[in-house]
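Please work through the exercises below with the sequence and the structure at hand, and try each task before reading its solution.

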Amino acid sequence: MKCANCGAELKVGCMYCSVCGKEAQIVSDYNLLEDDFLRDVLKEQEEKVRKEVSGQSVHNENTAGKTSQEDHTKMSQEQSVKKSPQKRRIKKRLIFAVLAMVLLIVLSVSSVLMINYSRDNSYDYQMERAQNYLEDRNYREAENRVKRALELNEDSVEAKILLADIYVLRGEEDKAVKILEEVCKEQNDNKDAYQKLIELYVAQKDYQALQTLSEQAEDSEVSELFSEYFPKAPEFDTEEGIYTEELSVGISTEDECRIYYTLDGTDPRQGAEYQNSIPIVAGEMIQIRAIARNDYGLFGDEVQGEFQVELQKPQKPRVSPSGGSFYDAQNIAVTVPEGCKVYYTWDGTTPGTGSTQYTQPITMPEGNNILSLIAVNEHGMSSDVLKCNYIYMPATANTPNTETEPE
């Protein structure tokens, strides 16, 4: 065989020409058309010889009779000698043609085998074929192609997601879930894998798994994928802070959601269900944590706030007269602060809720006495003690009626 580019003889088994370096394109030195032409020429020559022999025989019979047997044999031998080189050349060319065809077949088969080997070990080719089978709804072959691609590249997320899609189309959701869970653990920001897994959880009504998956998500864009399935965080009707008056905190959320809360800073999922506003106990810092739960049993984001009520002690009560020396009997009137009760003593001790409660004007006793008073509000907080000194000496004919204010 010769090179199609430079005409040099090609070595057997070589894929490239050793002279010009070009890829071997086998060109046989034997031409089938040339062989056909030779056969036609030989056939014409044989016909011509037969005609000459036949004509000579007829001529000899008419003129001189039969041709001798020796002359006929001699002519046949001469013709055989002439034909032998031509037949040998034709036979040789036929052999070369057969060998060339065999070599071409071997090369073609080798090329096919090499191509098939290359394709079988190509990740891109396997993925392309899987997509084609998928479009033709040949899911079994598509699965085989993707699995082969994963054998070639076991870390391919693209192949894993495609395999999950195939399982979903075949109704094998559990296999798809297992693959997508693996992908989400490997790539915490893969929105495509998270979206597909969310849809499968919702279709299977596996809301606990959906809750766990949402807690696993750290990427903000991935977390946004869960928004339509989870309730919004509850809201307080009062801003957190310190208050000087009674306070009750209300909590609200979306319709058809329940609220759970705690007052000690623990997880609200384990807390009490919210029913009414929460009263804040005076003097204590209360930390409220609240969370909403929808009909799927899914908890949303929680809200928390710190509330404190620091009530101010009540003002001291006011009295009239507020003290002094008196010669006539007097009634002492007390002004009670709003929301309070007043208690008093005459013996100089500090009054308490066990002392005499003021309900009407107090009759001033004779002698030098000190009136002590406090105001106590509804929260049990007491005012500072008010002390007033009263000196009451009953009047006589020679004693003037005077009144002095205490210092």
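**Exercise 1. A salt bridge and the exposure of its two partners**

Task: Decide whether Arg269 is buried, partly exposed or exposed, and find which side chain meets that of Arg269 in a salt bridge.

Solution: Start with the accessibility of Arg269, bearing in mind that the model is predicted. The relative accessibility of Arg269 is 29%, and because the partly exposed class runs between 20% and 50%, Arg269 counts as partly exposed. Next, look for the partner: the side chain of Arg269 meets that of Asp267 in a salt bridge, with 3.5 Å from N to O. Finally, apply the class limits to the partner as well, where Asp267 has a relative accessible area of 30% and is therefore partly exposed.

**Exercise 2. From one salt bridge to a network**

Task: State how many salt bridges the count comes to, and then say which residues are linked with Glu172 in a network.

Solution: The count comes to 15 salt bridges, with a side-chain nitrogen of Lys or Arg required to lie within 4 Å of a carboxyl oxygen of Asp or Glu. One of them joins Glu172 and Lys175, whose closest N and O atoms are 2.8 Å apart. Lys175, at 42% relative accessibility, counts as partly exposed. Widening the view from this pair, one finds that Glu172 and Lys175 belong to a network of salt bridges that also links Arg140, Glu143, Lys147 and Arg170.

**Exercise 3. A salt bridge between two strands**

Task: Identify the residue with which Glu273 forms a salt bridge, and explain which parts of the chain this pair ties together.

Solution: The partner of Glu273 is Arg258, and the closest N and O atoms of the two are 3.9 Å apart. Placing each residue in its element, Glu273 lies in strand β6 (residues 272-273) and Arg258 in strand β5 (residues 258-262), so the pair ties together parts that are 15 residues apart in sequence. As for exposure, Glu273 has 33% relative accessibility and counts as partly exposed.

**Exercise 4. The largest pocket and its lining**

Task: Describe the largest pocket by its volume, its lining residues and the helices that contribute to the lining.

Solution: Begin with the volume, which is about 360 Å³ for the largest pocket. The lining is made of 16 residues, and those that lie nearest the centre of the pocket are Ser223, Phe226, Phe230, Gly300 and Asp301. Sorted by character, the lining residues comprise six nonpolar, five polar and five charged ones. Turning to the helices, α8 (207-216) and α9 (220-224) each supply at least two residues of this lining, and α8 gives the most, with three residues.

**Exercise 5. Backbone features in loops**

Task: Locate the cis peptide bond between Ser320 and Pro321, and then compare where Arg137 and Lys205 are placed.

Solution: The peptide bond that joins Ser320 and Pro321 is cis, with omega about -5°, and Pro321 is placed in the loop between β10 (318-320) and β11 (324-326). Arg137 has phi near 60°, which is a positive value in a residue other than glycine, and Arg137 lies in the loop between α3 (123-135) and α4 (139-152). With 66% relative accessibility, Arg137 counts as exposed. For Lys205, phi is likewise positive and near 60°, while the loop that holds Lys205 runs between α7 (191-204) and α8. Lys205 counts as exposed too, at 62% relative accessibility.

**Exercise 6. Surface and interior**

Task: Name the nonpolar surface patch that includes Ile95, and decide whether Lys178 and Phe326 are buried or exposed.

Solution: Ile95 forms the patch together with Phe96 and Leu99, and the three have about 270 Å² of accessible area together. Ile95 itself lies in helix α2 (residues 69-120) and is partly exposed, with a relative accessible area of 45%. Lys178, found in helix α6 (residues 173-186), counts as exposed at 64% relative accessibility. Phe326, by contrast, is placed in strand β11 and counts as buried at 2% relative accessibility. As a last step, consider distances from C-alpha to C-alpha: Phe326 and Met364 are 38 residues apart in sequence and 9.4 Å apart in space, and Lys178 and Leu197 are 19 residues apart in sequence and 9.3 Å apart in space.

Conventions:
Residues numbered from 1 in each chain as written. Predicted model: local features only at pLDDT ≥ 70, side-chain atom pairs only at ≥ 80, totals over all residues. Heavy atoms only, no water. 1 Å grid on protein atoms, 1.4 Å probe; cavity = no way out; pocket = protein on both sides within 12 Å on 5 of 7 lines; lining within 4 Å. Points joined across faces, edges and corners; volume = space filled by probe spheres on them. Helix = DSSP H or I, 4+ residues; strand = E, 2+ residues; numbered from the N terminus. Nonpolar A, V, L, I, M, F, W, Y, C, P; charged D, E, K, R; others polar. Buried < 20%, exposed > 50% of the residue type's maximum accessible area, 1.4 Å probe, protein only. Patch = residues over 30% accessible without salt bridge, like charges linked within 9 Å, V, L, I, M, F, W, Y side chains within 5 Å. Areas by Shrake-Rupley, 256 points an atom, 1.4 Å probe, with all protein chains shown as cover.
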